[in-house]
Amino acid sequence: LTALQSFLNLLYNGYVSPEKQKRFIEQAIERSQGLLDMVDDLLNLATAREEMSPRNRVLISLAEPMEQAGILMQARAEEKGVSFSMQPMHRPVIEANPEQMREVWTNLISNAVKYTAAGGAVRVILEEREGWAVGTVEDTGIGIGPDEQERIFMEFYRSPRAKEMETQGTGLGLALVKRIIDGYGGTITVESALNKGSRFRFKIPVATSSQTTLSGGPVQK
Ligand code: ADP
């Protein structure tokens, strides 16, 4: 915010030559986008608990938000020259707020695309195993060092290599993903090797058979 304000003050006071003005305005736009992303992530983080309250949960297949997020991210991957594949092996049904499930998939897939250079690959898989819906997002990107693997789920942490590769980022995406998954009684783990790639895997309990069948409407409690 301070940087954005000083760009605007310099422009307002006429201290920037006409040929440099466009660059300053571009930087101001970039900073304001960063702030918008940060506010958006902070709001999602602050309201996560409320968003998963029983009245916001419905029975959904975890494949639906995966496909919605995947279609958007596929375009971004292809633009960047990263190959993208999505495999819903099963369509496990869980009881959750669909918007939060879209956030989980979008954050994990966008990170995989963001931290993988051209020529790499991103693979998204969904399975059902022993009462769990299991989602996997793997990439062949920059990887995460062993000392960093537990810090990446903390608010605001961004690794120096990630910052170097991708200036845009709030460091809040994985904190949000973890808060949502924990809230649904699930877990998330990461396996990674530097310069080889990363695999994020999360699991959420499937809805029990005593619950009503997939309806799209609110679950009756
Ligand atoms: P952001 O991507 O905005 O920096 P996140 O909370 O989503 O924030 O991720 C935190 C950090 O975890 C990233 O800055 C990066 O260091 C690391 N990270 C997350 N996903 C990946 C990935 N797929 N490959 C390499 N590093 C990753």
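The following exercises work through the fold, the ligand site and three loop residues of one protein chain.

This is a predicted model, in which local features need pLDDT of at least 70, side-chain atom pairs count only at pLDDT 80 or more, and totals for chains, interfaces and linings use all residues. Residues are numbered from 1 along each chain as its sequence is written, and side-chain values use heavy atoms, with hydrogens and water left out.

**Exercise 1. Describe the overall make-up of the protein chain.**

Step 1. Take the elements. Helices (H or I, at least four residues) and strands (E, at least two) are DSSP runs, numbered from the N terminus. The protein chain has six helices and seven strands. Their order from the N terminus is α-α-β-α-β-β-α-β-β-α-α-β-β.

Step 2. Take the dimensions. The C-alpha trace spans about 70 × 40 × 30 Å along its principal axes.

Step 3. Take burial. Buried means under 20% relative accessible area, exposed over 50%, and partly exposed in between (1.4 Å probe, protein chains only). Of the 221 residues in the protein chain, 41% are buried.

Step 4. Take the contacts. A contact means heavy atoms within 4.5 Å. Among contacts between residues at least 6 apart in sequence, 73% join residues at least 24 apart.

Step 5. Take the surface. Accessible areas come from the Shrake-Rupley method with a 1.4 Å probe; for residues, only the protein chains shown count as cover. The accessible surface of the protein chain is about 12300 Å², and carbon and sulfur atoms hold 53% of that.

**Exercise 2. Locate the ligand and list what surrounds it.**

Step 1. Find the shell. A residue is near a molecule or strand if one of its heavy atoms lies within 4 Å of it. There are 21 residues around the ligand, and N111, Y115, R158, T170 and L174 come nearest.

Step 2. Assign elements. α4 (98-114), α6 (173-183) and β7 (197-205) each give at least two residues to the shell. α4 supplies the largest share, three residues.

Step 3. Check the polar atoms. A side-chain N or O atom of N111 is 2.8 Å from an oxygen atom of the ligand. For the side chain of S159, the corresponding distance to a ligand oxygen atom is 3.0 Å. G171 uses a backbone N or O atom, 3.1 Å from a ligand oxygen atom. Taken alone, the ligand exposes 530 Å², and the protein buries 97% of that.

**Exercise 3. Trace the packing of α6.**

Step 1. List the buried positions. In α6 these are G173, L174, A175, L176, V177, I180 and I181.

Step 2. Find their partners. The buried residues of α6 pack against α2 (18-51), α4, β6 (187-193) and β7.

Step 3. Look past the helix. G185 follows α6 and has a positive phi, near 75°.

**Exercise 4. Sort T116, E130 and F156 by loop and by burial.**

Step 1. Start with T116. T116 sits in the loop between α4 and β4 (121-129). T116 counts as buried because its relative accessible area is 0%. Leaving out residues up to four places away in sequence, T116 touches K80, V82, A121, V122, D139, T140, G141 and M165.

Step 2. Turn to E130. E130 lies in the loop between β4 and β5 (132-139). E130 is not a glycine, yet its phi is positive, about 45°. E130 counts as exposed because its relative accessible area is 80%.

Step 3. Finish with F156. F156 is in the loop between β5 and α5 (160-165). F156 also has a positive phi, about 75°, although it is not a glycine. F156 counts as partly exposed because its relative accessible area is 48%.

Conventions. Polar contact = N/O pair within 3.5 Å; in protein donor to acceptor, adjacent residues only side chain to side chain.
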